[in-house]
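The following exercises concern internal space, nonpolar packing and cysteine burial in a predicted model. Each task is followed by a worked solution.

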Amino acid sequence: MQLNKAPYFTKSLLRQLSYFFSPEFQTPKNTIKVISSAKAGVFSLGGDLSSLANVVSQRDEIWLKDYAFTYMTLLHRILSGAKYNMTSIALVQGRAYGIGMELALCTDCVVAEKESVFLYPPAVFNHGLEHFLVRKLQHKSSRCALMEVMYSNRRFSATELYDLGLVDVLVDAGEGEQAVRDLVSRAQACDLGHAELQKYRYQKSMHSLSQLNGVADTWVKRAIKGDANQQKYLRRLARMQY
């Protein structure tokens, strides 16, 4: 991800990522895709809050729907990767906030450097994806731990999430890329290695695209009703994204 100008998910970036994770129907063999950031110290600082505040004030429902449905399409493609023999890896080297943290946890394997920090702040317009993540991650950690991470509104270090089972590989600063290369090499060496890397398997009933789009539609309806105080809060959060 090229985040030099905007360390968050612009609509353009979401479209590029959605294309990157699109199913490769003509590729029968196992595929591994890695998402990381080109900006030092940041994986992603979340959604495009500045634009969100503007379109909410303008009641621009079309923009909101396009943004929400593009994001849900991206999540669905990552979550359903096993259906198309695709395994996803998130390499986190720095701050992963909001939907930046959400996207990382949706991948099959999270590799994080020790100085990385994760935060899932309470959304002004709660999109309702937390319960999808809790169900997706419950094979890694207890439900109580997951609820603490998703709803406590506090920062978690990579070490803390590793201890909870939500970070799969923890390495020292500067060693993340090599750790990913080693993982990919071992996975490509044998089918068993690939299966171990892809611990989360596709379950249509848990995250169908229609379910995710339903969440997006509800979020848009809620967001479009945002008042002046909520817009002001969004703009304050947006100033913290640089």
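**Exercise 1.** State the volume of the largest cavity and describe its lining.

*Solution.* Step 1: the largest cavity holds about 60 Å³ of space. Step 2: its lining is made up of 11 residues, with Ser 22, Pro 23, Glu 24, Tyr 84 and Met 86 closest to the centre. Step 3: sorted by class, the residues lining the largest cavity are four nonpolar, four polar and three charged. Step 4: cavities of 30 Å³ or more number two in the model.

**Exercise 2.** Give the volume and the lining of the second largest pocket.

*Solution.* Step 1: the space in the second largest pocket amounts to about 230 Å³. Step 2: 12 residues line the second largest pocket, and Met 1, Gln 2, Leu 3, Leu 13 and Gln 16 are the ones nearest its centre. Step 3: the classes represented in this pocket lining are six nonpolar, five polar and one charged residues.

**Exercise 3.** Identify which residues have the most contacts inside the largest nonpolar core, and which helix gives the largest share of that core.

*Solution.* Step 1: the largest nonpolar core comprises 55 residues, and Phe 9, Leu 64 and Phe 118 have the most contacts inside it. Step 2: helix 3 (residues 61-79) supplies the largest share of this core, namely 10 residues. Step 3: leaving aside residues up to four places away in sequence, Leu 64 touches Leu 52, Val 55, Val 56, Trp 219, Val 220, Ala 223 and Ile 224. Step 4: another core, of nine residues, lies apart from the largest one and includes Ile 89, Cys 109, Val 111 and Val 184.

**Exercise 4.** List the buried residues of helix 2 and name elements that cover them.

*Solution.* Step 1: in helix 2 (residues 49-57), the buried residues are Leu 49, Leu 52, Ala 53, Val 55 and Val 56. Step 2: an α-helix has 3.6 residues a turn, so residues three or four places apart point the same way. Step 3: the cover over the buried residues of helix 2 includes helix 3, helix 10 (209-223) and helix 11 (228-239). Step 4: after helix 2 comes Arg 59, which has a positive phi near 55 degrees.

**Exercise 5.** Are Cys 106 and Cys 109 buried or exposed, and how many disulfides does the structure hold?

*Solution.* Step 1: the cut-off for a buried residue is under 20% relative accessible area. Step 2: Cys 106 has a relative accessible area of 4% and is therefore buried. Step 3: Cys 109 is likewise buried, because its relative accessibility is 4%. Step 4: the structure holds zero disulfides.

Definitions and conventions
Residues are numbered from 1 along each chain as its sequence is written. This is a predicted model: local features need pLDDT of at least 70, side-chain atom pairs count only at pLDDT 80 or more; totals for chains, interfaces and linings use all residues. Side-chain values use heavy atoms; hydrogens and water are left out. A disulfide is a pair of cysteine sulfur atoms within 2.5 Å. Buried means under 20% relative accessible area, exposed over 50%, partly exposed in between (1.4 Å probe, protein chains only). On a 1 Å grid over the protein atoms alone, a cavity is a set of points where a 1.4 Å probe fits but cannot get out, and a pocket is an open set with protein on both sides within 12 Å along at least five of seven lines; lining residues have an atom within 4 Å of a point. Grid points are joined across faces, edges and corners, and a volume is the space filled by probe spheres set on the points. Ala, Val, Leu, Ile, Met, Phe, Trp, Tyr, Cys and Pro count as nonpolar, Asp, Glu, Lys and Arg as charged, and the others, Gly among them, as polar. A nonpolar core is a set of buried Ala, Val, Leu, Ile, Met, Phe, Trp, Tyr and Cys residues joined through side-chain atoms within 4.5 Å. Helices (H or I, at least four residues) and strands (E, at least two) are DSSP runs, numbered from the N terminus. Contact means heavy atoms within 4.5 Å.
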